[in-house]
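Colleague: Could you take a close look at the nonpolar core for me, and set it in the context of the whole chain? I would be glad of the cut-offs as you go.

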Amino acid sequence: MAKLLQPPPKFLPSEWLIANKNQYHRAEAQRSRSERLVAESQRLVDEVDKSTRRSQSDVNKKLEQRLEEIRFWKKELDGKLEQLVHEIEDLLSYKIRLEKALESFKEPLHITERCLEYREKRVGIDLVHDVVEQELLKEAEIIRGVMALLTRTLEETLEQIRLNRSAKYHLEKDLKDKFVALTIDDICFSLNNNSPNIRYSENVMRIEPNSVSLEDWLDFSNTNVEKADKQRNNSLTLKALVDRILSQTASDLRKQCDVVNTAFENGLKETKDARDKLAVHLAKVMEEIASQEKNIAVLEKAILDQEAPAKVAHTRLGTRTHRPNVELCRDMAQYRLIKEVREINHNVARIKKKGKSTYQSDFLPSLPCRRRSM
(Lines give C-alpha, C1' and ligand atoms only; values in the text may rest on other atoms or scores of the structure.)
Protein backbone atom coordinates (compact mmCIF):
# COMPACT_ATOMS: atom_id res chain seq x y z
CA MET A 1 0.00 0.00 0.00
CA ALA A 2 2.91 2.27 0.81
CA LYS A 3 4.54 1.48 -2.61
CA LEU A 4 1.45 2.50 -4.52
CA LEU A 5 1.51 5.98 -3.09
CA GLN A 6 5.09 6.68 -4.15
CA PRO A 7 5.63 9.70 -6.47
CA PRO A 8 6.54 9.10 -10.15
CA PRO A 9 10.24 8.87 -10.99
CA LYS A 10 11.96 12.04 -12.08
CA PHE A 11 14.19 12.37 -15.16
CA LEU A 12 17.47 14.10 -15.44
CA PRO A 13 17.76 17.41 -17.32
CA SER A 14 19.88 15.74 -19.95
CA GLU A 15 17.17 13.20 -20.51
CA TRP A 16 14.61 15.99 -20.79
CA LEU A 17 16.73 17.75 -23.40
CA ILE A 18 17.23 14.59 -25.39
CA ALA A 19 13.50 13.85 -25.26
CA ASN A 20 12.64 17.37 -26.46
CA LYS A 21 15.17 17.11 -29.34
CA ASN A 22 13.70 13.80 -30.40
CA GLN A 23 10.20 15.26 -30.38
CA TYR A 24 11.44 18.23 -32.39
CA HIS A 25 13.12 16.07 -35.02
CA ARG A 26 10.04 13.82 -35.34
CA ALA A 27 7.78 16.87 -35.70
CA GLU A 28 10.10 18.40 -38.30
CA ALA A 29 10.18 15.19 -40.27
CA GLN A 30 6.39 14.89 -40.19
CA ARG A 31 6.02 18.53 -41.20
CA SER A 32 8.43 18.10 -44.14
CA ARG A 33 6.63 14.94 -45.21
CA SER A 34 3.31 16.75 -44.97
CA GLU A 35 4.60 19.65 -47.03
CA ARG A 36 5.89 17.24 -49.69
CA LEU A 37 2.56 15.39 -49.68
CA VAL A 38 0.64 18.65 -50.06
CA ALA A 39 2.94 19.73 -52.90
CA GLU A 40 2.64 16.38 -54.64
CA SER A 41 -1.11 16.36 -54.17
CA GLN A 42 -1.36 19.86 -55.68
CA ARG A 43 0.80 18.82 -58.62
CA LEU A 44 -1.38 15.74 -59.10
CA VAL A 45 -4.56 17.81 -58.91
CA ASP A 46 -3.16 20.29 -61.45
CA GLU A 47 -2.01 17.47 -63.71
CA VAL A 48 -5.37 15.68 -63.51
CA ASP A 49 -7.21 18.94 -64.11
CA LYS A 50 -5.07 19.73 -67.15
CA SER A 51 -5.47 16.18 -68.47
CA THR A 52 -9.22 16.30 -67.95
CA ARG A 53 -9.45 19.69 -69.66
CA ARG A 54 -7.36 18.42 -72.58
CA SER A 55 -9.46 15.28 -72.87
CA GLN A 56 -12.71 17.23 -72.68
CA SER A 57 -11.42 19.75 -75.22
CA ASP A 58 -10.37 16.92 -77.53
CA VAL A 59 -13.76 15.26 -77.13
CA ASN A 60 -15.46 18.57 -77.93
CA LYS A 61 -13.34 18.92 -81.06
CA LYS A 62 -14.15 15.37 -82.09
CA LEU A 63 -17.85 15.99 -81.49
CA GLU A 64 -17.66 19.23 -83.45
CA GLN A 65 -15.91 17.47 -86.33
CA ARG A 66 -18.49 14.72 -86.19
CA LEU A 67 -21.29 17.27 -86.29
CA GLU A 68 -19.72 18.93 -89.32
CA GLU A 69 -19.34 15.57 -91.01
CA ILE A 70 -22.95 14.62 -90.35
CA ARG A 71 -24.12 18.06 -91.53
CA PHE A 72 -22.09 17.65 -94.72
CA TRP A 73 -23.62 14.27 -95.53
CA LYS A 74 -27.07 15.48 -94.50
CA LYS A 75 -26.71 18.38 -96.93
CA GLU A 76 -25.54 15.99 -99.66
CA LEU A 77 -28.45 13.64 -99.02
CA ASP A 78 -30.90 16.56 -98.92
CA GLY A 79 -29.66 17.75 -102.31
CA LYS A 80 -29.87 14.29 -103.87
CA LEU A 81 -33.33 13.77 -102.38
CA GLU A 82 -34.55 17.07 -103.80
CA GLN A 83 -33.19 16.16 -107.24
CA LEU A 84 -34.74 12.72 -107.07
CA VAL A 85 -38.14 14.08 -106.02
CA HIS A 86 -37.98 16.47 -108.98
CA GLU A 87 -37.12 13.59 -111.33
CA ILE A 88 -40.01 11.50 -109.99
CA GLU A 89 -42.42 14.38 -110.60
CA ASP A 90 -41.00 14.84 -114.12
CA LEU A 91 -41.31 11.13 -114.90
CA LEU A 92 -44.91 11.13 -113.65
CA SER A 93 -45.68 13.94 -116.10
CA TYR A 94 -43.89 12.00 -118.87
CA LYS A 95 -45.96 8.95 -117.93
CA ILE A 96 -49.14 10.99 -118.44
CA ARG A 97 -47.80 12.25 -121.79
CA LEU A 98 -47.11 8.69 -122.94
CA GLU A 99 -50.56 7.52 -121.84
CA LYS A 100 -52.23 10.42 -123.67
CA ALA A 101 -50.12 9.74 -126.77
CA LEU A 102 -51.15 6.07 -126.72
CA GLU A 103 -54.78 7.05 -126.36
CA SER A 104 -54.52 9.62 -129.16
CA PHE A 105 -53.25 7.00 -131.64
CA LYS A 106 -56.33 4.80 -131.20
CA GLU A 107 -58.55 7.12 -133.27
CA PRO A 108 -56.19 7.37 -136.29
CA LEU A 109 -55.77 3.58 -136.24
CA HIS A 110 -59.55 3.14 -136.12
CA ILE A 111 -59.98 5.54 -139.06
CA THR A 112 -57.34 3.73 -141.11
CA GLU A 113 -58.91 0.33 -140.42
CA ARG A 114 -62.37 1.69 -141.31
CA CYS A 115 -60.97 3.03 -144.59
CA LEU A 116 -59.54 -0.39 -145.40
CA GLU A 117 -62.88 -2.01 -144.52
CA TYR A 118 -64.82 0.40 -146.74
CA ARG A 119 -62.45 -0.15 -149.65
CA GLU A 120 -63.06 -3.90 -149.40
CA LYS A 121 -66.62 -3.15 -150.56
CA ARG A 122 -65.38 -2.20 -154.03
CA VAL A 123 -66.62 -4.63 -156.68
CA GLY A 124 -65.22 -6.02 -159.87
CA ILE A 125 -62.07 -4.64 -161.36
CA ASP A 126 -62.21 -1.70 -158.97
CA LEU A 127 -61.18 -4.01 -156.10
CA VAL A 128 -57.56 -3.28 -156.90
CA HIS A 129 -54.52 -3.28 -154.60
CA ASP A 130 -53.66 0.29 -155.52
CA VAL A 131 -51.33 2.89 -154.04
CA VAL A 132 -54.03 4.09 -151.67
CA GLU A 133 -54.42 0.63 -150.14
CA GLN A 134 -50.66 0.20 -149.93
CA GLU A 135 -50.27 3.49 -148.09
CA LEU A 136 -53.22 2.73 -145.80
CA LEU A 137 -51.67 -0.62 -144.86
CA LYS A 138 -48.34 1.11 -144.29
CA GLU A 139 -50.04 3.73 -142.13
CA ALA A 140 -51.77 1.05 -140.02
CA GLU A 141 -48.45 -0.77 -139.62
CA ILE A 142 -46.69 2.45 -138.57
CA ILE A 143 -49.40 3.29 -136.02
CA ARG A 144 -49.30 -0.20 -134.51
CA GLY A 145 -45.50 -0.05 -134.36
CA VAL A 146 -45.62 3.36 -132.70
CA MET A 147 -48.17 2.15 -130.16
CA ALA A 148 -46.02 -0.89 -129.36
CA LEU A 149 -42.96 1.36 -128.94
CA LEU A 150 -44.89 3.76 -126.70
CA THR A 151 -46.17 0.84 -124.63
CA ARG A 152 -42.62 -0.43 -124.06
CA THR A 153 -41.43 3.08 -123.24
CA LEU A 154 -44.30 3.52 -120.79
CA GLU A 155 -43.32 0.27 -119.07
CA GLU A 156 -39.70 1.48 -118.85
CA THR A 157 -40.91 4.78 -117.40
CA LEU A 158 -42.99 3.00 -114.75
CA GLU A 159 -40.00 0.82 -113.84
CA GLN A 160 -37.74 3.90 -113.60
CA ILE A 161 -40.29 5.61 -111.34
CA ARG A 162 -40.22 2.52 -109.11
CA LEU A 163 -36.41 2.58 -108.98
CA ASN A 164 -36.41 6.30 -108.21
CA ARG A 165 -38.87 5.79 -105.38
CA SER A 166 -36.71 2.99 -104.00
CA ALA A 167 -33.64 5.26 -104.03
CA LYS A 168 -35.76 8.04 -102.49
CA TYR A 169 -36.85 5.70 -99.69
CA HIS A 170 -33.24 4.85 -98.79
CA LEU A 171 -32.28 8.54 -98.90
CA GLU A 172 -35.16 9.48 -96.61
CA LYS A 173 -34.32 6.68 -94.18
CA ASP A 174 -30.65 7.71 -94.13
CA LEU A 175 -31.63 11.37 -93.66
CA LYS A 176 -33.93 10.46 -90.78
CA ASP A 177 -31.10 8.59 -89.05
CA LYS A 178 -28.71 11.46 -89.75
CA PHE A 179 -31.16 13.92 -88.19
CA VAL A 180 -31.46 11.82 -85.03
CA ALA A 181 -27.67 11.39 -84.81
CA LEU A 182 -27.17 15.13 -85.40
CA THR A 183 -29.64 15.97 -82.63
CA ILE A 184 -27.99 13.56 -80.18
CA ASP A 185 -24.42 14.72 -80.92
CA ASP A 186 -25.51 18.36 -80.79
CA ILE A 187 -26.91 17.76 -77.30
CA CYS A 188 -23.66 16.02 -76.30
CA PHE A 189 -21.60 18.90 -77.69
CA SER A 190 -23.62 21.44 -75.72
CA LEU A 191 -23.02 19.69 -72.36
CA ASN A 192 -20.42 21.14 -69.95
CA ASN A 193 -19.36 20.69 -66.33
CA ASN A 194 -22.11 23.03 -65.17
CA SER A 195 -24.94 21.44 -67.12
CA PRO A 196 -27.85 20.41 -64.89
CA ASN A 197 -28.54 17.10 -66.62
CA ILE A 198 -25.15 15.44 -66.23
CA ARG A 199 -25.07 12.21 -64.21
CA TYR A 200 -23.31 8.89 -63.80
CA SER A 201 -24.56 6.05 -66.01
CA GLU A 202 -23.96 2.38 -65.61
CA ASN A 203 -22.36 0.14 -68.24
CA VAL A 204 -21.78 2.90 -70.81
CA MET A 205 -18.08 2.27 -71.36
CA ARG A 206 -18.62 -0.30 -74.14
CA ILE A 207 -18.81 -0.65 -77.93
CA GLU A 208 -22.28 -1.65 -79.05
CA PRO A 209 -22.22 -5.04 -80.81
CA ASN A 210 -24.46 -3.76 -83.63
CA SER A 211 -22.35 -0.67 -84.26
CA VAL A 212 -20.54 -0.17 -87.58
CA SER A 213 -17.12 1.16 -88.44
CA LEU A 214 -16.57 4.67 -89.75
CA GLU A 215 -15.68 3.22 -93.17
CA ASP A 216 -18.96 1.29 -93.28
CA TRP A 217 -20.82 4.43 -92.25
CA LEU A 218 -19.21 6.42 -95.05
CA ASP A 219 -19.80 3.62 -97.58
CA PHE A 220 -23.48 3.41 -96.62
CA SER A 221 -24.20 7.08 -97.25
CA ASN A 222 -21.93 7.16 -100.30
CA THR A 223 -23.77 4.15 -101.75
CA ASN A 224 -27.11 5.91 -101.27
CA VAL A 225 -25.76 9.02 -103.00
CA GLU A 226 -24.33 7.01 -105.89
CA LYS A 227 -27.59 5.08 -106.28
CA ALA A 228 -29.54 8.35 -106.34
CA ASP A 229 -27.14 9.81 -108.95
CA LYS A 230 -27.43 6.68 -111.07
CA GLN A 231 -31.23 6.69 -111.04
CA ARG A 232 -31.30 10.44 -111.71
CA ASN A 233 -29.00 10.03 -114.73
CA ASN A 234 -31.15 7.13 -115.95
CA SER A 235 -34.21 9.35 -115.57
CA LEU A 236 -32.59 12.14 -117.59
CA THR A 237 -31.66 9.68 -120.34
CA LEU A 238 -35.16 8.21 -120.35
CA LYS A 239 -36.80 11.64 -120.54
CA ALA A 240 -34.62 12.57 -123.51
CA LEU A 241 -35.56 9.27 -125.17
CA VAL A 242 -39.28 9.89 -124.58
CA ASP A 243 -38.99 13.39 -126.06
CA ARG A 244 -37.29 11.99 -129.18
CA ILE A 245 -39.81 9.17 -129.53
CA LEU A 246 -42.84 11.46 -129.20
CA SER A 247 -41.37 13.99 -131.62
CA GLN A 248 -40.25 11.40 -134.19
CA THR A 249 -43.46 9.35 -134.09
CA ALA A 250 -45.62 12.45 -134.45
CA SER A 251 -43.50 13.58 -137.42
CA ASP A 252 -43.61 10.13 -139.06
CA LEU A 253 -47.38 9.88 -138.69
CA ARG A 254 -47.92 13.37 -140.06
CA LYS A 255 -45.82 12.52 -143.10
CA GLN A 256 -47.63 9.22 -143.63
CA CYS A 257 -51.00 10.92 -143.22
CA ASP A 258 -50.02 13.45 -145.90
CA VAL A 259 -48.88 10.60 -148.18
CA VAL A 260 -52.18 8.75 -147.70
CA ASN A 261 -54.24 11.88 -148.32
CA THR A 262 -52.26 12.57 -151.48
CA ALA A 263 -52.79 8.99 -152.61
CA PHE A 264 -56.53 9.37 -151.98
CA GLU A 265 -56.64 12.59 -154.00
CA ASN A 266 -54.75 11.03 -156.89
CA GLY A 267 -56.90 7.90 -156.74
CA LEU A 268 -60.10 9.91 -156.77
CA LYS A 269 -58.85 11.94 -159.71
CA GLU A 270 -57.94 8.80 -161.68
CA THR A 271 -61.30 7.21 -160.87
CA LYS A 272 -63.19 10.31 -162.00
CA ASP A 273 -61.17 10.48 -165.23
CA ALA A 274 -61.86 6.80 -165.92
CA ARG A 275 -65.57 7.30 -165.20
CA ASP A 276 -65.75 10.31 -167.56
CA LYS A 277 -64.00 8.39 -170.36
CA LEU A 278 -66.32 5.41 -169.90
CA ALA A 279 -69.33 7.72 -170.06
CA VAL A 280 -68.11 9.10 -173.39
CA HIS A 281 -67.59 5.59 -174.77
CA LEU A 282 -71.00 4.53 -173.51
CA ALA A 283 -72.64 7.34 -175.44
CA LYS A 284 -70.83 6.26 -178.60
CA VAL A 285 -71.87 2.66 -178.07
CA MET A 286 -75.47 3.72 -177.64
CA GLU A 287 -75.29 5.58 -180.95
CA GLU A 288 -73.92 2.50 -182.63
CA ILE A 289 -76.72 0.39 -181.17
CA ALA A 290 -79.29 2.81 -182.58
CA SER A 291 -77.59 2.65 -185.97
CA GLN A 292 -77.52 -1.13 -185.96
CA GLU A 293 -81.19 -1.34 -185.04
CA LYS A 294 -82.06 0.31 -188.37
CA ASN A 295 -80.41 -2.56 -190.22
CA ILE A 296 -82.12 -5.34 -188.26
CA ALA A 297 -85.02 -5.73 -190.69
CA VAL A 298 -82.70 -6.09 -193.68
CA LEU A 299 -80.35 -8.56 -191.99
CA GLU A 300 -82.99 -10.73 -190.23
CA LYS A 301 -83.07 -13.51 -192.80
CA ALA A 302 -79.28 -13.84 -193.01
CA ILE A 303 -78.94 -13.76 -189.31
CA LEU A 304 -81.71 -16.35 -188.87
CA ASP A 305 -79.77 -18.70 -191.08
CA GLN A 306 -76.87 -18.54 -188.65
CA GLU A 307 -79.02 -18.87 -185.56
CA ALA A 308 -79.28 -22.66 -185.59
CA PRO A 309 -75.52 -23.30 -185.73
CA ALA A 310 -74.96 -20.56 -183.18
CA LYS A 311 -77.53 -22.10 -180.86
CA VAL A 312 -75.90 -25.49 -181.18
CA ALA A 313 -72.49 -24.07 -180.35
CA HIS A 314 -73.87 -22.05 -177.47
CA THR A 315 -75.82 -25.02 -176.17
CA ARG A 316 -72.70 -27.12 -176.27
CA LEU A 317 -70.76 -24.47 -174.45
CA GLY A 318 -73.49 -24.02 -171.88
CA THR A 319 -73.83 -27.73 -171.36
CA ARG A 320 -70.08 -28.17 -170.89
CA THR A 321 -70.06 -25.62 -168.09
CA HIS A 322 -71.79 -28.24 -165.94
CA ARG A 323 -68.76 -30.53 -165.99
CA PRO A 324 -67.84 -31.34 -162.37
CA ASN A 325 -64.70 -30.31 -160.48
CA VAL A 326 -61.42 -30.81 -162.37
CA GLU A 327 -63.30 -31.99 -165.47
CA LEU A 328 -64.16 -28.34 -166.03
CA CYS A 329 -60.95 -27.82 -167.99
CA ARG A 330 -60.05 -25.69 -170.99
CA ASP A 331 -59.59 -28.57 -173.47
CA MET A 332 -59.30 -28.48 -177.26
CA ALA A 333 -63.04 -29.02 -177.68
CA GLN A 334 -63.72 -25.97 -175.54
CA TYR A 335 -61.37 -23.81 -177.58
CA ARG A 336 -62.84 -25.13 -180.85
CA LEU A 337 -66.39 -24.35 -179.72
CA ILE A 338 -65.33 -20.86 -178.79
CA LYS A 339 -63.66 -20.52 -182.17
CA GLU A 340 -66.81 -21.80 -183.88
CA VAL A 341 -68.90 -19.14 -182.15
CA ARG A 342 -66.41 -16.52 -183.26
CA GLU A 343 -66.55 -17.78 -186.84
CA ILE A 344 -70.34 -17.63 -186.81
CA ASN A 345 -70.21 -14.12 -185.44
CA HIS A 346 -67.66 -13.24 -188.09
CA ASN A 347 -69.86 -14.63 -190.81
CA VAL A 348 -72.81 -12.66 -189.47
CA ALA A 349 -70.64 -9.58 -189.63
CA ARG A 350 -69.68 -10.33 -193.21
CA ILE A 351 -73.32 -10.77 -194.08
CA LYS A 352 -73.93 -7.33 -192.66
CA LYS A 353 -71.21 -6.19 -195.08
CA LYS A 354 -69.61 -3.80 -192.69
CA GLY A 355 -69.86 -5.84 -189.56
CA LYS A 356 -69.11 -4.13 -186.38
CA SER A 357 -68.27 -5.87 -183.13
CA THR A 358 -70.21 -4.64 -180.18
CA TYR A 359 -68.54 -4.93 -176.82
CA GLN A 360 -70.66 -4.71 -173.80
CA SER A 361 -68.95 -3.49 -170.59
CA ASP A 362 -70.17 -3.30 -167.00
CA PHE A 363 -69.51 0.06 -165.46
CA LEU A 364 -69.37 -0.40 -161.73
CA PRO A 365 -68.57 2.84 -159.90
CA SER A 366 -66.33 2.56 -156.84
CA LEU A 367 -67.26 4.35 -153.69
CA PRO A 368 -64.33 6.37 -152.30
CA CYS A 369 -63.63 6.19 -148.56
CA ARG A 370 -63.87 9.35 -146.56
CA ARG A 371 -60.87 10.10 -144.30
CA ARG A 372 -60.49 12.35 -141.34
CA SER A 373 -57.21 14.19 -141.08
CA MET A 374 -55.21 13.34 -137.96
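Modeller: Read along the sequence, the pattern is α-α-α-α-α-α, so the chain has six helices and zero strands, where helices (H or I, at least four residues) and strands (E, at least two) are DSSP runs numbered from the N terminus. This is a predicted model, in which local features need pLDDT of at least 70 and side-chain atom pairs count only at pLDDT 80 or more, while totals for chains, interfaces and linings use all residues. Residues are numbered from 1 along each chain as its sequence is written, and side-chain values use heavy atoms, with hydrogens and water left out.

Now to the core itself. A nonpolar core is a set of buried Ala, Val, Leu, Ile, Met, Phe, Trp, Tyr and Cys residues joined through side-chain atoms within 4.5 Å. Buried means under 20% relative accessible area, exposed over 50%, and partly exposed in between, with a 1.4 Å probe and protein chains only. The largest such core has 19 residues, and those touching the most other members are Leu98, Phe105, Ile143, Met147, Leu150, Val242 and Leu246. Helix H1 (13–104), helix H3 (131–190) and helix H4 (214–294) each give two or more residues to this core. H3 gives the most, with seven residues. Valine 242 touches Tyr94, Leu98, Thr153 and Thr157, leaving aside residues up to four places away in sequence (contact means heavy atoms within 4.5 Å). There is also a second, separate core of 13 residues, with Leu67, Trp73, Leu81 and Leu84 among them. In soluble globular proteins, nonpolar side chains tend to be buried together.

For the wider setting, buried residues make up 22% of the 374 residues in the chain. Of the contacts between residues at least 6 apart in sequence, 87% join residues at least 24 apart.

One residue that shows such a link is glutamine 83, which is found in helix H1. Glutamine 83 counts as partly exposed because its relative accessibility is 30%. Its C-alpha lies 8.7 Å from that of alanine 228, although the two are 145 residues apart in sequence. Glutamine 83 also touches Asp229 and Arg232, again not counting residues up to four places away in sequence.

Finally, a word on valine 180, which is found in helix H3. With 41% relative accessibility, valine 180 counts as partly exposed.
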